[in-house]
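Take a look at the protein shown here. The paragraphs after it go from the overall plan to single residues.

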Amino acid sequence: GALVVVNAFGEVVDEDGSILVGPRLDPGERREDLVEQLGSSAAANTTLGVVATNAVLSKEDVRRLAGIGNDAFDVAIRPAHTIYDGDTVFALATQQVHVSIEQVAALVEPAVTTAIRRAAPSAVDAMMTSAALAGRIRWWGKRQLEGELNRFRNAAEVAAHRSHDGP
């Protein structure tokens, strides 16, 4: 099985290549433009994964599973492993069932890509919760960003007036 926590710089894509979650660039906009807008928070991305099996495997085989899991990031996240990401996968084997490494290895990519895609809605929920504070509303596009920031500013102004004027 696989467990993945996703905070990728790239988009999480479905099997058909459609974007499930991620920064949506306007026509003509470049990813470099997004980096400039995000500033230092662009470097705060990472996707962490764990691949676990009950197979009896050597240390080298477990390391191979971690590598396959890491490669699976490229299937579900585009781009993955950028200079803004700290992506990595850990692997473990509980040494209970005798099967070949090939049998286990064949299950890693589908398990990791499924875990990434299932994590995408949770990433959106978490991002929406912290968006106004972290400046990460960019995921919805420029127009939505401006609207969200204006609502946030208006709410802050109302709160400031109330605190000065009393209840």
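In strand β4, Gly-49 is the bridge partner of Val-4. That pair is a good place to begin. Keep in mind that this is a predicted model.

Val-4 sits within the span of β1, which covers residues 2-7. Strand β4 takes in residues 46-55. The two strands pair in the antiparallel sense, over 6 bridges. Another pairing in β4 sets Val-51 opposite Ala-2.

What joins β4 to β6, and how do they run? There are 7 bridges between these strands, and they run parallel. One residue pair shows the link: Ala-52 has Leu-92 in β6 as its bridge partner.

Put together, these 3 strands make an open sheet. Its order is β1-β4-β6, with mixed pairing. β1 and β6 (88-97) are the edge strands, and each pairs on one side only. From one strand to the next, the twist averages 5 degrees.

Now step back to the whole protein. It has 4 helices and 6 strands. Along the sequence, they follow the pattern β-β-β-α-β-α-β-β-α-α. The protein has 167 residues, and 36% of them are buried. Take the contacts with a separation of 6 or more: residues 24 or more positions apart account for 76% of them.

Return to the sheet, and add a helix. Helix α2 is formed by residues 59-76. This helix lies across β1, β4 and β6. It runs at about 135 degrees to β6. The two faces of β4 can be told apart as well. Thr-47, Gly-49, Val-51, Thr-53 and Ala-55 make up the covered face. Thr-46, Leu-48, Val-50, Ala-52 and Asn-54 make up the uncovered one.

Val-62 is a residue of helix α2. Is Val-62 buried or exposed? Its relative accessible area is 14%, so it counts as buried, the cut-off being under 20%. Beyond its neighbours within four places in sequence, Val-62 is in contact with Leu-57, Ala-91, Leu-92 and Ala-93. Phe-90 is 28 residues away from Val-62 in sequence. In space, their C-alpha atoms are 8.9 Å apart.

Leu-57 leads on to the core. The largest nonpolar core has 26 residues. Leu-57, Val-112 and Ile-116 have the most contacts inside it. Which elements give two or more residues to this core? They are β1, β4, α2, β6 and α3 (101-134). Helix α3 gives the most, with 9 residues. Leu-57 itself touches Val-62, Leu-65, Ala-93, Gln-95, Ile-101 and Val-104, leaving out residues up to four places away in sequence.

One charged residue closes the tour. Arg-117 is found in helix α3. Arg-117 is buried, yet it has no salt bridge. How far away is the nearest side chain of opposite charge? That side chain belongs to Asp-14, and it is 4.1 Å away. A salt bridge needs a side-chain nitrogen within 4 Å of a carboxyl oxygen, so this pair does not count as one. Asp-14 is still among the residues that Arg-117 touches. Not counting residues up to four places away in sequence, the others are Val-12, Val-13, Glu-15, Leu-20, Val-75 and Ala-76.

Conventions:
Residues are numbered from 1 along each chain as its sequence is written. This is a predicted model: local features need pLDDT of at least 70, side-chain atom pairs count only at pLDDT 80 or more; totals for chains, interfaces and linings use all residues. Side-chain values use heavy atoms; hydrogens and water are left out. Two strands pair if DSSP finds at least two bridges between them. Axes are lines fitted to C-alpha atoms, for helices over the stretch in contact, and angles run from 0 to 180 degrees between N-to-C directions. Contact means heavy atoms within 4.5 Å. A nonpolar core is a set of buried Ala, Val, Leu, Ile, Met, Phe, Trp, Tyr and Cys residues joined through side-chain atoms within 4.5 Å. Buried means under 20% relative accessible area, exposed over 50%, partly exposed in between (1.4 Å probe, protein chains only). Lys and Arg count as positive and Asp and Glu as negative; His and the chain ends are not counted.
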